[in-house]
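Colleague: Could you walk me through how to read the features of a model like this one? I'd like the general idea each time, then the case at hand.

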Amino acid sequence: MLWIREEVFIEAYSMKQEIQDIKQMRKWKFSWRIFGENFVFRDGDHFYKMPTFLARNTMYKNIDSYEKVVDSLRIINKYFWPLTKIPKTEVFKDQDWHYIMKQQSITGDKLTAQIMKDNPKLISKFQRLIVANELMWKREGVFLDLLWSDIVTQPQTIHNLLTDGTDIYVFDFGLLEQHSKNIIFRYISRISQKFQLFFIKRFF
């Protein structure tokens, strides 16, 4: 039994050290999305994500964001795994109960109407993904945010999905919630969900 305890201790220490290393890297990185949900930066073959100061004090205020992200990843896997791919992702819990994500980088492009235009397989996968997203909204009360605010500058692009020409990748796990405890986020989610469905069905 002693060797099992030692192994657990070593694993916990290694995870703690990795968290500290990521936070140290963060000090030298910049993310222009200061009003977004995640502070995102890349180092080597991985992307790292953690909640911004704004997110910690609004949508994640008095909420364990680590548990929130782990649950989001579980739901996304449940509904989208037959249709899409999810990059290898590790989720760590920081000392303040917030998440730190380590995600394998993907070689590909953001999914656009032009890319899908001449690729029937991608169109089919995307259409089934939209149906799965609607089903998830009805059954789980959450909806994968596909457009984000970048839709204003790039209206023919699905900003939270990537493709390598064969597969579609979900790399962002932000979910809109129709029953969020945060009343502002709840209303934003309901309006955004309706807008996204209308927009996607109209232009894609």
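Modeller: Happy to. Let's begin with one residue pair: Phe41 has Tyr48, in β2, as its bridge partner. Keep in mind that this is a predicted model.

Colleague: Which strands pair there, and in what sense?

Modeller: The general idea is that strands of a sheet pair through backbone hydrogen bonds, either parallel or antiparallel. Here β1 and strand β2 (residues 46-51) pair in the antiparallel sense, over six bridges. They belong to an open sheet of four strands, ordered β1-β2-β4-β3 with antiparallel pairing. At its edges are β1 (38-43) and β3, each of which pairs on one side only. From one strand to the next, the twist averages 20°.

Colleague: What packs on the sheet?

Modeller: Helix α3 does, touching β2, β3 and β4. The direction of α3 makes about 160° with that of β3.

Colleague: What is the strand order in the sheet of three strands?

Modeller: That open sheet has the order β5-β7-β8, and its pairing is antiparallel. Both β5 (109-112) and β8 (168-170) stand at the edges with a single partner strand each, so one side of each has no neighbour in the sheet. Neighbouring strands in this sheet are turned by 65° against each other on average, direction ignored. Strand β7 (residues 157-163) pairs with β8 in the antiparallel sense over three bridges. Within that pairing, Leu162 has Tyr169 of β8 as its bridge partner.

Colleague: Let's go down to a single polar residue. Is Gln103 buried or exposed?

Modeller: Gln103 sits in strand β4 (residues 99-104). Its relative accessible area is 3%, so Gln103 counts as buried; the cut-off for that class is under 20%.

Colleague: What does the side chain of Gln103 reach?

Modeller: The side chain of Gln103 reaches the backbone oxygen of Phe171, at 3.1 Å. Leaving out residues up to four places away in sequence, Gln103 touches a set of residues that includes Asp45, His46, Phe47, Pro87, Phe171 and Phe173.

Colleague: Now the charged pairs. How many salt bridges are there?

Modeller: The count comes to 10 salt bridges. In one of them, Asp94 pairs with Lys23, with the closest N and O atoms 3.3 Å apart. Asp94 is in the loop between β3 (89-93) and β4, while Lys23 is in helix α1 (residues 2-26), so this pair ties together parts 71 residues apart in sequence. Asp94 is buried, at 12% relative accessible area, whereas Lys23 is partly exposed, at 28%.

Colleague: What about the pair of Lys93 and Glu67?

Modeller: Lys93 forms a salt bridge with Glu67, and the closest N and O atoms are 3.8 Å apart. With Lys93 in strand β3 and Glu67 in helix α3 (residues 65-80), the pair ties together parts that are 26 residues apart in sequence. Lys93 is partly exposed, at 28% relative accessibility, and Glu67 is partly exposed with a relative accessible area of 42%.

Colleague: And which elements does the pair of Glu140 and Lys78 tie together?

Modeller: The side chains of Glu140 and Lys78 meet at 3.1 Å, N to O. Glu140 lies in helix α5 (residues 120-140) and Lys78 in helix α3, so parts 62 residues apart in sequence are tied together. Glu140 is partly exposed, at 27% relative accessible area, and Lys78 is partly exposed too, at 48%. There is also a network: salt bridges that share partners join Asp64, Glu67 and Lys93.

Colleague: Last topic: how do I read aromatic pairs?

Modeller: A pair of aromatic rings is described by the distance of the centres and the angle of the planes. This structure holds four aromatic pairs. The rings of Trp137 and Phe143 have centres 6.0 Å apart and planes at 90°, so this pair is edge-to-face. Both Trp137 and Phe143 are buried.

Colleague: What kind of pair do Phe195 and Phe199 make?

Modeller: Their centres are 5.7 Å apart and their planes at 40°, so the pair is tilted. Phe195 and Phe199 are four residues apart in helix α6 (residues 183-203), which separates them by about one helical turn. Phe195 is partly exposed, at 41% relative accessibility, whereas Phe199 is buried, at 10%.

Colleague: Where do Phe41 and Tyr48 come back in?

Modeller: In a cluster: ring pairs link Phe39, Phe41 and Tyr48.

Methods
Residues are numbered from 1 along each chain as its sequence is written. This is a predicted model: local features need pLDDT of at least 70, side-chain atom pairs count only at pLDDT 80 or more; totals for chains, interfaces and linings use all residues. Side-chain values use heavy atoms; hydrogens and water are left out. Two strands pair if DSSP finds at least two bridges between them. Helices (H or I, at least four residues) and strands (E, at least two) are DSSP runs, numbered from the N terminus. Axes are lines fitted to C-alpha atoms, for helices over the stretch in contact, and angles run from 0 to 180 degrees between N-to-C directions. Buried means under 20% relative accessible area, exposed over 50%, partly exposed in between (1.4 Å probe, protein chains only). A polar contact is a pair of N or O atoms within 3.5 Å; within protein, one must be able to donate a hydrogen and the other to accept it, and residues adjacent in sequence count only if both atoms are side-chain atoms. Contact means heavy atoms within 4.5 Å. A salt bridge is a side-chain nitrogen of Lys or Arg within 4 Å of a carboxyl oxygen of Asp or Glu. Rings of Phe, Tyr and Trp (its six-membered ring) pair if their centres lie within 6.5 Å; planes under 30 degrees apart count as stacked, over 60 as edge-to-face and the rest as tilted.
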